[in-house]
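Let's walk through the inside of this protein together, looking at how it is packed and where space is left.

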Amino acid sequence: MELAGKAAVVTGGTRGVGAGIARAFLAAGAEVVVCARRPPERPVEAGGREAEFRPLDLREPAAVREFFDAVAAAYGHLDVLVNNAGGTPYRLLGESSAERHARVVELNLTAPLTASLAAYPHLRASGGSVVMIGSVSGTRASPGTAAYGAAKAGLENLARSMAVEWAPGVRVNTLVLGMVRTELAQLHYGDEEGVAAVARTVPLGRLAEPDEVGEAAVFLASGRAAYITGASLLVHGGGERPAFLDAATVNKSPERQGS
């Protein structure tokens with residue numbers, strides 16, 4: 001229960017990765033508030049404890065400021081902000097308007113900035129921390145999700161700048177996620193056969209589970225990471241096997257390929 005007595009907000013914490021993060025914080029003893037535009041289909045809970053849901057549209061700065069003031073007042077303090085809300089549909093650059101791509105950037109970069117600025121006075125008062133949920137899409141080419149990848153690249157850089165500006169009072173770190181198996185995995189990877197095929201491209205041989213992402217977020221928010229700020233922790237199962245290794249016509253023996 002290393003986060004007992006702490007109050008944490010997880011944006012987009014009602015399902016998928018966000019719900020996994022919220023469950024991990026509950027299991028670690030924190031009081032957890034999850035926010036989204038719509039309530040979860042079922043309460044987010046772990047170990048007999050339940051996260052509080054509060055509705056919020058992160059695209060409305062005034063509402064975001066009111067939200068964080070209200071949470072800090074209700075719990076007496078705010079110790080952790082996990083900027084998890086985000087995502088994007090598959091959308092090739094030339095097949096959509098600049099306005100639609102801009103909305104993806106707004107959700108995945110501007111909204112975390114808005115939330116962080118609103119939470120900052122309360123986090124500074126408690127000596128708290130921010131955990132950004134980034135993506136490997138921000139570290140490599142991201143065809144089909146270019147605006148998302150650009151936003152995630154910006155988010156990681158934003159976190160580093162925040163970590164310097166807000167030190168020593170508030171720590172800011174990023175989890176750089178690879179592929180995660182959520183209830184919406186089929187929208188990204190296909191049916192079970194598709195998910196299994198995608199999993200085989202990961203060195204660890206599987207997709208991450210949302211609760212595993214949550215454990216990493218708990219670590220960065222906890223006292224065990226007290227000297228870690230401005231860092232990016234890769235949670236991607238080893239990344240992706242370089243395509244050229246399979247395309248090359250040399251070194252094809254099983255021993256050389258590590259199988």
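Which helices each supply at least two residues of the lining of the largest cavity? They are H3 (98-126) and H4 (146-166), helices being DSSP runs of H or I with at least four residues, and strands E runs of at least two, numbered from the N terminus. This is a predicted model, where local features need pLDDT of at least 70, side-chain atom pairs count only at pLDDT 80 or more, and totals for chains, interfaces and linings use all residues. Residues are numbered from 1 along each chain as its sequence is written, and side-chain values use heavy atoms, without hydrogens and water.

H4 gives the most to that lining, with three residues. Among the lining residues are Thr88, Arg91, His101 and Tyr148. The volume of this largest cavity is about 50 Å³. A cavity here is a set of points on a 1 Å grid over the protein atoms alone where a 1.4 Å probe fits but cannot get out, and lining residues have an atom within 4 Å of a point.

Now for the packing. The largest nonpolar core has 32 residues, and Ile21, Phe25, Val32, Val82, Leu175 and Leu177 have the most contacts inside it. Such a core joins buried Ala, Val, Leu, Ile, Met, Phe, Trp, Tyr and Cys residues through side-chain atoms within 4.5 Å, buried meaning under 20% relative accessible area (1.4 Å probe, protein chains only). Helix H1 (16-27) and strand E8 (171-177) are among the elements that each supply at least two residues of this core. Its largest share, seven residues, comes from H1.

Methods. Buried < 20%, exposed > 50% of the residue type's maximum accessible area, 1.4 Å probe, protein only. 1 Å grid on protein atoms, 1.4 Å probe; cavity = no way out; pocket = protein on both sides within 12 Å on 5 of 7 lines; lining within 4 Å. Points joined across faces, edges and corners; volume = space filled by probe spheres on them.
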